[in-house]
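Work through the exercises below with the model in view. Try each task before you read its solution.

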Amino acid sequence: MGLFGQWAEALSPTVIWLNLYFQGEPMLHHNLDKALEIARQHRFYTVISTNGHYLTEEHCGMLVDKRLGRLIISLDGFDQQSYAQYRKGGDYQRVVEGIERMIRIKKEMNSPYPYLIVQTLALRTTEDQLKLRIREIYRKGVDAVEIKTAQFYHPDPENNLMPRTGRWSRYKADATGNFTLKSTLPDHCSRFWGSVVITWDGRVLPCCYDKDGDHMMGNLPDQDFSSIWHGESRRTFAQRLFTHRKGIEICRNCDQGLQL
């Protein structure tokens, strides 16, 4: 937390939006309340994305009290059977109860915080129910519902979670019958200019699709952020991104940052 406070102080002149999550479950962090307090002191707009299993009375009250800007709750199924096919070991009813608890506590505390988003992946197990179920979720009192297309490392129509080709699929069949992104992956990415990942130990990554940290551009304990942002590693990555995006593994299966 000491390092987090130092980084927040150093980045506060230029950072506006802070996502307090990456490849884990943020509600399990025992100092989440302190992180939100530090972020509030620096006037960051804060966002948390959660699997929804730990929205206890205490946690919900704390998120409202610390004025979390936005809470994204993943609900990737509309009953236990469909939910558990994607969220292995997950409890659908527990997530629904967490959503309802968050709505109730916001009302009790008379607060607009956090802006509450339920996000659902469009999967083959749910695509036929999306319109009906989204209306039901809205009636609970959430602020927004988002449908997100699912990413598959190896797109295969035999995968019982991959949507059929159409509106809710990221992929299309090519002339050989293989599935590829619908996007032609032009050599640009708007997200490269406006966002970056800092891992818990200070590694700076180009974006959240670098899940394994394969493209580290620097390390905050050893360098200041400005030197990393303008440094050689980031320039080298940018050159690859803007000349041959398809040659970068983390970009090859990504359709983000392309809407210019």
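A salt bridge is a side-chain nitrogen of Lys or Arg within 4 Å of a carboxyl oxygen of Asp or Glu. This is a predicted model: local features need pLDDT of at least 70, side-chain atom pairs count only at pLDDT 80 or more, and totals for chains, interfaces and linings use all residues. Residues are numbered from 1 along each chain as its sequence is written, and side-chain values use heavy atoms, with hydrogens and water left out.

**Exercise 1. Salt bridges in the whole structure**

Task: Find how many salt bridges a search of the whole structure gives, and which residues are linked with Arg101 in a network.

Solution:
- Step 1. The search finds 13 salt bridges.
- Step 2. Arg101 is linked with Glu57, Arg104 and Glu108 in a network of salt bridges.

**Exercise 2. A pair from separate elements**

Task: Find the salt-bridge partner of Lys106, and state which parts the pair ties together.

Solution:
- Step 1. The partner is Asp143, with the closest N and O atoms 3.0 Å apart.
- Step 2. Lys106 lies in helix 5 (residues 92–108), while Asp143 sits in the loop between helix 6 (130–140) and strand 5 (144–149), so the pair ties together parts that are 37 residues apart in sequence. Helices (H or I, at least four residues) and strands (E, at least two) are DSSP runs, numbered from the N terminus.
- Step 3. Check exposure. Buried means under 20% relative accessible area, exposed over 50%, partly exposed in between (1.4 Å probe, protein chains only). Lys106 is buried at 11%. Asp143 is partly exposed at 33%.

**Exercise 3. A pair within one helix**

Task: Locate the salt bridge between Glu232 and Arg235, and classify the exposure of each residue.

Solution:
- Step 1. The N to O distance is 2.7 Å.
- Step 2. Both residues lie in helix 9 (residues 232–244), three residues apart, about one turn of the helix.
- Step 3. Glu232 is exposed at 52%. Arg235 is partly exposed at 47%.

**Exercise 4. The sheet**

Task: Give the strand order of the sheet, then name its edge strands.

Solution:
- Step 1. Two strands pair if DSSP finds at least two bridges between them.
- Step 2. Five strands form an open sheet in the order 1-2-3-4-5, with parallel pairing.
- Step 3. Strand 1 (17–19) and strand 5 are the edges, since each pairs on one side only.
- Step 4. Look at one edge. Three bridges join strand 1 to strand 2 (residues 45–50). Trp17 has Tyr45 in strand 2 as its bridge partner.
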